[in-house]
Amino acid sequence: MLERRRQIIETFDAALKDLPVAVLKHYGEDFAGSGLLYLTRLFGRTDAERRDVIVKMAERGIACNVHYKPLPMMTAYKALGFDIKNFPNAYRLFENEVTLPLHTRLSDEDVEYVVRCFGEVVKGM
């Protein structure tokens with residue numbers, strides 16, 4: 001499973017390198033992740049623009065998500081008096097993050113479709 005995740009991540013990394021996005025680095029000389037999630041950050045984009053990307057990807061049959069919603073934005077924490085305004089860094093990391101699908105049952109064709117669609121959506125913003 002780890003090898004398949006690595007293949008998908010390497011394909012995503014290569015395909016997205018010229019887009020105005022940052023990606024979570026999974027592998028380096030002195031570290032290696034499990035490849036659980038493929039997080040992207042849309043440079044200079046707002047929460048509304050990020051939501052639009054997710055909707056446009058869904059219209060193409062691709063389920064994207066956001067990981068992770070800051071705790072102060074969750075109902076239980078709001079009820080305790082937490083306000084996201086007091087956590088600007090957490091909000092900045094949340095507002096333009098899109099998680100692309102990354103699971104070992106994706107075929108090479110699925111992966112190519114995801115990166116093609118994501119590129120078209122991001123370039124069309």
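**Disulfides.** I looked for disulfides first and found zero in the structure. This is a predicted model, so I am reading computed geometry here.

I then checked Cys64. Its sulfur has its closest cysteine sulfur in Cys117, 9.5 Å away, which is too far for a bond. I count a disulfide only when the two sulfur atoms are within 2.5 Å, so the pair at 9.5 Å does not qualify. From the other end, Cys117 is in no disulfide either, with the sulfur of Cys64 as its nearest cysteine sulfur.

Are these two cysteines buried or exposed? I get 12% relative accessibility for Cys64, so I put it down as buried. Cys117 comes out at 3%, so it is buried too.

**Helix α5.** I followed Cys117 into its helix, where it is listed among the buried residues of α5. The others on that list include Val111, Val114, Phe118 and Val122. The helix runs over residues 108-123, 16 residues in total. I read 22 Å from first C-alpha to last, close to the expected 22 Å. What covers its buried residues? I noted α1 (2-16), β1 (21-23), β4 (38-42), α2 (47-59) and β5 among the covering elements.

**Thr99.** Since β5 turned up in that cover, I went to Thr99, which sits in this strand (residues 97-100). I have Thr99 as buried because its relative accessible area is 4%. Its side chain makes a polar contact with the side chain of Glu97 at 2.7 Å. Leaving out residues up to four places away in sequence, Thr99 touches Leu37, Tyr38, Leu39, Cys64, Asn65, Val66 and His67. That brought me back to Cys64, one of the residues Thr99 touches.

Key
Residues numbered from 1 in each chain as written. Predicted model: local features only at pLDDT ≥ 70, side-chain atom pairs only at ≥ 80, totals over all residues. Heavy atoms only, no water. Helix = DSSP H or I, 4+ residues; strand = E, 2+ residues; numbered from the N terminus. Buried < 20%, exposed > 50% of the residue type's maximum accessible area, 1.4 Å probe, protein only. Polar contact = N/O pair within 3.5 Å; in protein donor to acceptor, adjacent residues only side chain to side chain. Contact = heavy atoms within 4.5 Å. Expected span 1.5 Å × (residues − 1).
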